[in-house]
Structure formats: structure tokens, C-alpha cells
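Welcome! Take a look at the structure below, and then we can walk through it together, one question at a time.

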Amino acid sequence: MSNIIKGIMAVGFLVAVAACQQAPEDDYVVVEPITAEPVSSGKY
């Protein structure tokens, strides 16, 4: 095969591999609100 055909095949292979890669997942942080603990009032 000629070098041009080999080059085209190599570029096509790289494009196919790049198209099959998964997109990176976005990282996210869940911020939970801080709640105060209940205080006993002494009734019960």
C-alpha cells in the first residue's frame, strides 16, 4: 500500500477511536444544610 493510503487509514482509525470515547462525567458536590440538634425543654 502506498503511504497516502496508510496515512488515511491511520487518521480514520484515530477519528473512530476518538468518537467512541465516553464523555467525561461532571463532578458535583452536594452541600447539606447544617441543622441544630433539638434541645429538650424539660416538659416530658
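A helix here is a DSSP run of H or I with at least four residues, numbered from the N terminus. Keep in mind that this is a predicted model.

Q: How many helices and strands does the protein have?
A: Let's start with the overall make-up. Strands are quickly counted, as there are zero of them. For helices, the count is one.

Q: Where does Met1 lie relative to helix H1?
A: Helix H1 covers residues 3-20. Met1 therefore falls outside that run, and its place is the segment before helix H1.

Q: Is Met1 buried or exposed?
A: The relative accessible area of Met1 is 72%. Exposed means over 50%. Because 72% passes that cut-off, Met1 is exposed.

Q: Which residues form a nonpolar patch on the surface with Met1?
A: Met1 has partners in this patch, and together the members have about 360 Å² of accessible area. The partners are Ile5 and Met9.

Q: Why does Lys6 count as partly exposed?
A: Lys6 has its place in helix H1. Partly exposed residues sit between the 20% and 50% limits. Lys6 belongs there because its relative accessible area is 47%.

Q: How far apart in space are Lys6 and Ile34?
A: In sequence, 28 residues separate Lys6 and Ile34. In space, C-alpha to C-alpha, the two are 62 Å apart.

Q: How far apart in space are Gln21 and Val39?
A: Gln21 is found in the segment after H1 and is exposed, with a relative accessible area of 58%. Val39 is 18 residues away from Gln21 in sequence. From C-alpha to C-alpha, the distance is 54 Å.

Q: What share of the residues of the protein counts as buried?
A: The protein has 44 residues, and its C-alpha trace spans about 90 × 15 × 10 Å along the principal axes. About 5,000 Å² is exposed, with carbon and sulfur atoms supplying 63% of that area. Buried means under 20% relative accessible area, and the share of residues that count as buried is 0%.

Conventions
Residues numbered from 1 in each chain as written. Predicted model: local features only at pLDDT ≥ 70, side-chain atom pairs only at ≥ 80, totals over all residues. Heavy atoms only, no water. Helix = DSSP H or I, 4+ residues; strand = E, 2+ residues; numbered from the N terminus. Buried < 20%, exposed > 50% of the residue type's maximum accessible area, 1.4 Å probe, protein only. Areas by Shrake-Rupley, 256 points an atom, 1.4 Å probe, with all protein chains shown as cover. Patch = residues over 30% accessible without salt bridge, like charges linked within 9 Å, V, L, I, M, F, W, Y side chains within 5 Å. Salt bridge = Lys/Arg side-chain N within 4 Å of Asp/Glu carboxyl O.
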